[in-house]
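Morning, everyone. I have one model to show you today. Please look at the screen.

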Amino acid sequence: MDGFTFADMKEIRRSKLGNQVPLELFRAIRLIGMYQGLPMKGKSTTVTIGRKIGESLPVETVEDVLEVFKELKIGIPRIVKEEERGIHIAVEDCFCEGLPAQYGNMVCDLEGAILEGALSKVWKRKLSIREVKCNVNGDEHCEYQITFL
Ligand SMILES: [Zn+2]
């Protein structure tokens, strides 16, 4: 076996239950399983997983990245700031929207790492990404600071 590609992920033949899973399952994997279940809130794991997924996405432009992010229902991203050293991307309708606030916690690092992987593929350069806002932290949306390295 050569391993799976992102194209393989679209080969779905589930006749009764279709191609969707409930958001509460995704949340349970992300928050109960990874954020609470792994050492260091899953930090290094989410970065590895997210980057790998991001790099596997069929994207060639920044617009593709934003579009795929929305298609996969990770959230609705938009660039809110462009600077010489990087950009800021805000995400509306993130999976975490509606969860009870837990101030001091930002929980969408996997989603940020997906963005990082996809954007570094498009720009062919190394990036660092930092979660700077999160609904769970009581912010108005989730937001990432992406810096060129
Ligand atoms: Zn979020």
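I will go through the sheet, then the helices that pack around H5, then one residue in H3.

Keep in mind that this is a predicted model.

Start with the sheet. There are 4 strands, and the sheet is open. The order reads S1-S2-S4-S3, and the pairing is antiparallel. Which strands stand at the edges? They are S1, residues 76–83, and S3, residues 127–133. Each has a single partner strand, so one side of each has no neighbour in the sheet. On average, neighbouring strands are turned by 25 degrees against each other, with direction ignored.

Now the pairings around S4, which spans residues 142–148. On one side, S3 and S4 run antiparallel and are joined by 6 bridges. Two pairs to find on screen. Glutamate 131 stands opposite tyrosine 144 of S4. Isoleucine 129 has isoleucine 146 of S4 as its bridge partner. Then look at S2. S2 and S4 also run antiparallel, again with 6 bridges between them. Here isoleucine 89 stands opposite tyrosine 144 in S4. So tyrosine 144 turns up twice: opposite glutamate 131 and opposite isoleucine 89. As a general reminder, strands of a sheet pair through backbone hydrogen bonds, parallel or antiparallel.

Next, the helices. What does H5 touch in the sheet? H5 packs on the sheet and touches S2, residues 86–92, along with S3 and S4. The direction of H5 makes about 145 degrees with that of S3.

H5 also packs with helices. In general, two packed helices are described by the angle and the distance between their axes. Take H4 first, residues 62–71, against H5, residues 109–123. The angle is about 155 degrees, and the axes are 9 Å apart. That angle makes H4 roughly antiparallel to H5. H4 passes H5 in a right-handed crossing. H4 supplies Val62, Val65 and Phe69 to the contact. H5 supplies Leu115, Ala118, Leu119 and Val122. By class, that gives 7 nonpolar residues, no polar ones and no charged ones.

Now H3, residues 43–56. H3 and H5 pack at about 40 degrees, with their axes 6 Å apart. The two are therefore oblique to each other. This crossing is right-handed. The contact residues include Thr46, Val47, Gly50, Ile53 and Gly54 of H3. From H5 they include Leu110, Ala113, Ile114, Gly117 and Lys121. What is the make-up by class of the H3 contact with H5? It has 8 nonpolar, 5 polar and 7 charged residues. Put that beside the H4 contact, with its 7 nonpolar residues and no polar or charged ones.

Last stop: isoleucine 53, which sits in H3. How many other C-beta atoms lie within 10 Å of isoleucine 53? The count is 19, and isoleucine 53 is partly exposed. The cut-off for buried is 20 or more. Setting aside neighbours within four places in sequence, isoleucine 53 contacts Ile114 and Gly117. Both of those also appear on the H5 side of the contact with H3. One distance to close on. Isoleucine 53 and glutamate 111 are 58 residues apart along the chain. Their C-alpha atoms are separated by 9.7 Å.

That's my tour. Over to you.

Terms used
Residues are numbered from 1 along each chain as its sequence is written. This is a predicted model: local features need pLDDT of at least 70, side-chain atom pairs count only at pLDDT 80 or more; totals for chains, interfaces and linings use all residues. Axes are lines fitted to C-alpha atoms, for helices over the stretch in contact, and angles run from 0 to 180 degrees between N-to-C directions. Angles under 35 degrees count as roughly parallel, over 145 as roughly antiparallel, 65 to 115 as roughly perpendicular and the rest as oblique. A crossing is left-handed if the near helix is turned anticlockwise from the far one by less than a right angle, and right-handed if clockwise. Two residues are in contact if their C-beta atoms, placed from the backbone, lie within 7 Å. Ala, Val, Leu, Ile, Met, Phe, Trp, Tyr, Cys and Pro count as nonpolar, Asp, Glu, Lys and Arg as charged, and the others, Gly among them, as polar. Two strands pair if DSSP finds at least two bridges between them. A residue is buried if 20 or more other C-beta atoms lie within 10 Å of its own, exposed if 12 or fewer, and partly exposed in between; C-beta atoms are placed from the backbone.
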